[in-house]
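Me: Please choose one part of this model and go through it slowly. I would like to know how its pieces are joined and what lies against them. Plain wording is fine.

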Amino acid sequence: MSLSCAFVNLKPGVGKTTSAVWLAHALYESGMSPLLVDGDPAASALRWSELANGFPFPVIALPVGDVHRRVNDFLGDRQAVVLDAPQLEDHPRIARSIMRYAGEWIVPVTPAPIELDRMAPIRGEMADVQSLRAEPARSAVLLNRTNRPDATRTGPDADAREALTERGFEVLDTHIARLDLYAQSFGNPVQAKGSAYMDFAEELIKRQDEA
């Protein structure tokens, strides 16, 4: 397996499922064979695939506290695993198990003061799970629902990037703009080509190659 990443956050509604589904499609369209693991008891990613008449890759539901022991049973020769974790505040056992498995933790964050304020406890959760791992996971923030479709060099998005960096978080170069293309995509087939998620997939593959 060349790549495994989990979308994690303390709270719901930050775009974990949307990002997981779109990233899995971007990896597939990049020529990889992903497995999408839905670890949320709400099973939103699995339901999305059902409403879209199936995704071109398998989606499995594993809302259990020992995900890290079970994923490889479904992996086969697939080259990537994308894991949609439930919110840590409500389902800590499942989320931490997913974090024990994934080599990369992605934290979707909207560039708003209330979201930035939640990052301190996330750091604590990360430190706790790192202590359970044989090898440390990489971690990075994905700026999500940003105010500009192109760059985040000025305005509140840039301020959020700077604030997160000052607090010791690595922020991915790729960001996801606030677009109906993503916000209204639940239940529909996904075509990632030409979207920011293709850039996201390329950045993650590059990070994996450099690790």
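Reply: Two strands are said to pair if DSSP finds at least two bridges between them. The model is a predicted one, and the part to look at is its sheet, starting from strand 6.

Strand 6 covers residues 138–146, and six bridges join it to strand 5, residues 104–109. These two strands run parallel. One point to find on the screen is W105, whose bridge partner in strand 6 is S139. Strand 6 is also joined to strand 7, residues 171–177, here by four bridges and again in parallel. Along this second pairing, V141 has V171 as its bridge partner, and L143 stands opposite H175. In a regular strand the side chains alternate between the two faces of the sheet.

Now the whole sheet. How many strands does it have, and in what order do they stand? The sheet is open, has seven strands and follows the order 3-2-4-1-5-6-7, with parallel pairing. Strand 3 (59–61) and strand 7 stand at the edges; each has a single partner strand, so one side of each is left without a neighbour in the sheet. From one strand to the next, the twist averages 25°.

Elsewhere in that order, strand 2 (residues 34–38) and strand 4 (residues 80–84) run parallel and are joined by five bridges. L35 is one residue to look for there, with V81 as its bridge partner in strand 4. Helix 10, residues 196–210, packs on the sheet and touches strand 1 (3–7), strand 5, strand 6 and strand 7. The direction of helix 10 makes about 165° with that of strand 7.

Is strand 7, at its place on the edge, mostly covered or mostly open? Strand 7 is mostly covered, as six of its seven residues are buried.

Other helices also meet the strands. In helix 5, residues 92–101, the buried residues include I94, A95, I98 and Y101. The buried residues of helix 5 pack against strand 1, strand 4 and strand 5, among others, and also against helix 7 (119–130).

Just past the end of the strand 6 range comes a polar pair. The backbone nitrogen of N147 lies 2.8 Å from a polar atom of the D157 side chain. D157 is found in helix 8, residues 155–166. Why is D157 called buried? Its relative accessibility is 0%, and buried means under 20%.

Last comes the empty space. Rolling a probe the size of a water molecule over the atoms shows where empty space is left. The largest pocket has a volume of about 350 Å³ and is lined by 24 residues. V14, G15, K16, T18 and R145 lie nearest its centre. Strand 6 and strand 7 are among the elements that give two or more residues to this lining, along with helix 1 (16–29), helix 2 (44–51) and helix 9 (180–183). Strand 6 therefore pairs with strand 5, pairs with strand 7, is touched by helix 10 and helps to line the largest pocket.

Methods. Residues are numbered from 1 along each chain as its sequence is written. This is a predicted model: local features need pLDDT of at least 70, side-chain atom pairs count only at pLDDT 80 or more; totals for chains, interfaces and linings use all residues. Side-chain values use heavy atoms; hydrogens and water are left out. Buried means under 20% relative accessible area, exposed over 50%, partly exposed in between (1.4 Å probe, protein chains only). A polar contact is a pair of N or O atoms within 3.5 Å; within protein, one must be able to donate a hydrogen and the other to accept it, and residues adjacent in sequence count only if both atoms are side-chain atoms. Axes are lines fitted to C-alpha atoms, for helices over the stretch in contact, and angles run from 0 to 180 degrees between N-to-C directions. Contact means heavy atoms within 4.5 Å. On a 1 Å grid over the protein atoms alone, a cavity is a set of points where a 1.4 Å probe fits but cannot get out, and a pocket is an open set with protein on both sides within 12 Å along at least five of seven lines; lining residues have an atom within 4 Å of a point. Grid points are joined across faces, edges and corners, and a volume is the space filled by probe spheres set on the points.
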